[in-house]
Amino acid sequence: ALSASHSHKFILLIITQLSNSKMYFSKLAVLSALTLAIGSEALLTNPLQTGNKANTNGLKDRAYVTRDIKTPDPIPVSGQEEAMELMKTGRLYRYNIGPNEESVVSVCEQEIAAYTGHKYCVALNSCGSALMLLLKTTGLQAGDKVLSNAFTFGAVPSAIEHAGGKAVYVESTMDMVIDLEDMEKKLTDHPDCKHVLISHMRGKLADMAGIKALCDKFDAILLEDCAHSLGVEYAGKHSGHMGIACAISSQSYKMINSGEGGFLLTDNEDIAAQTAVYAGAYEGLSAKHVTVPSKEHFKDYPTTLPNYSLRMSNLAAAVIRPQIKTLDERIAKYNKRYNDLVTNLESRVGGHMTFPQLTPEVTMMVHDSLQFNLDKKFSPEIIEAFIEECKEHGLPVELFGHKTNARNFVNWGFAPAEDPLPKTADMLSRACDVRMPLMWDDEDFEDMANVLVESVEKVLADAGVE
């Protein structure tokens, strides 16, 4: 069997040789044979790269990253096969099934609900749709205020705007979670705000017990954006259970990959019934769901709620299902690599950067990316030089506070902050983000560490800063 570090090159070579052949089924046969010969770890290796070890632009005295930082997790072979079978039948619509049959989407919903521990689950076309429906199904009216993190992705305030709400932003800490002191202040200042949408940015959960207590104190509905926290546990329970409902994502860079997709999860019958109808369960189609409440909970919703056509297709569900089975295995691999990487960086440049600390009640984390805060000795000019230095050595490092970053609240012109957010702005100005693709090999993360360390040392030396 080929090693994981060489399999992508071998597969690419075979595919290239086959590309001149017109024997389609022969190609499939050969690729199937390769699947068996290479082994499971090698099979998961994406063949695309940004270059090779020789392509270092002459910078042979420095480390250089040669792999594609945006390499997504590939679809397991069983998912590819199920998708092919679906395409042969043409039954991609979740409701195009016979009597007493379950659609692929329904099976997927059951598996997601079993993994997270929720009673009800509705699969949707995106997590953004799920976030919007979290608000719609819990009574948000046009113009109502929604409290949310000042540090999150632009999709969150977009969902608030989509639902007709008005975002009120809460400061974030250097640990990249919502600031409870400022949250209490904002709830006090906005007594008419009855929705709180907490975003677990990069999988980092705040003091959820404290947040729930504040929501109860101010009679506000707590909702959770778990797009980044699939697999993360708080006090021994999967994320998404402190609020009345939550949303998870299957966008390409999340733990499950269907390109686009999302799920709304809840134990509340009314929210689940409304969600199914909003998503497109018109007339009596709710009967073709499994993870929704019984018929009486649907009331007159099929005729009084609009159909937004937000359903997930069978094709998306087919490629998600096998990924659910490997979540725990992949999480363990991510976490080991993250811990090794942070240990390496702390021992070499720990005086120049810090790493967000987990909330003590988080009992399982999913470290599928690296975040760090550059020390205050880094001026804006030195930070810019650091980002450029990393880029020149093959490693894209994102600054959350960059003027074009969609995670920077100053870029949300469609839902602008009305109050100053100095604490969040300061954190964003030195907070860096680096992807950790699962398909990379261990030595690629050694290159990553070396590029980060050498870039820090270079820019500080150039600036005459110790």
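This passage looks at three helix pairs and one pocket in a predicted model.

Two packed helices can be summed up by the angle between their axes and the distance between those axes. Helix α12 (residues 314-325) is a handy place to start, with helix α5 (residues 104-116) as its partner. The axes of α5 and α12 come within 8 Å, and they cross at roughly 35°. This crossing is left-handed. On the α5 side, the contact is made by Val-104, Val-105, Val-107, Cys-108, Glu-111, Ile-112 and Tyr-115. On the α12 side, Asn-314, Ala-317, Ala-318, Ile-320, Arg-321, Ile-324 and Lys-325 take part. Sorted by class, the residues of this contact come out as 10 nonpolar, 1 polar and 3 charged.

Helix α12 also meets helix α4 (residues 77-89), and here the axes come within 7 Å. The crossing angle is roughly 160°, and angles over 145 degrees count as roughly antiparallel, so that is how α4 and α12 lie to each other. The crossing of α4 with α12 is right-handed. From α4, the residues involved are Ser-78, Gly-79, Glu-82, Ala-83, Leu-86 and Met-87. They meet Asn-314, Leu-315, Ala-318, Val-319, Arg-321 and Pro-322 in α12. This contact has 7 nonpolar, 3 polar and 2 charged residues. Asn-314, Ala-318 and Arg-321 of α12 turn up in the contact with α5 and also in the one with α4.

Further along the chain, helix α14 (residues 380-392) packs with helix α16 (residues 442-463). Their axes come within 9 Å and cross at roughly 140°, so α14 and α16 are oblique to each other. The crossing is right-handed. Ile-382, Ala-385, Phe-386, Glu-389 and Cys-390 are what α14 brings to the contact. Their partners in α16 are Val-451, Leu-452, Ser-455, Val-456, Lys-458, Val-459, Leu-460 and Ala-463. The class count here is 10 nonpolar, 1 polar and 2 charged.

Now for some empty space. The second largest pocket holds about 680 Å³. Its lining is made up of 38 residues, and Arg-202, His-228, Gln-251, Tyr-253 and Lys-254 are the ones nearest the pocket's centre. Two elements, α6 (127-136) and α7 (155-162), give two or more residues to this lining. Helix α6 provides the largest share, with 3 residues. As for classes, the lining splits into 16 nonpolar, 13 polar and 9 charged residues.

How values were computed. Residues numbered from 1 in each chain as written. Predicted model: local features only at pLDDT ≥ 70, side-chain atom pairs only at ≥ 80, totals over all residues. Heavy atoms only, no water. Axes fitted to C-alpha atoms, helices over the stretch in contact; angles between N-to-C directions. Helix = DSSP H or I, 4+ residues; strand = E, 2+ residues; numbered from the N terminus. Parallel < 35°, antiparallel > 145°, perpendicular 65-115°, else oblique. Left-handed = near helix turned anticlockwise from the far one by under 90°. Contact = heavy atoms within 4.5 Å. Nonpolar A, V, L, I, M, F, W, Y, C, P; charged D, E, K, R; others polar. 1 Å grid on protein atoms, 1.4 Å probe; cavity = no way out; pocket = protein on both sides within 12 Å on 5 of 7 lines; lining within 4 Å. Points joined across faces, edges and corners; volume = space filled by probe spheres on them.
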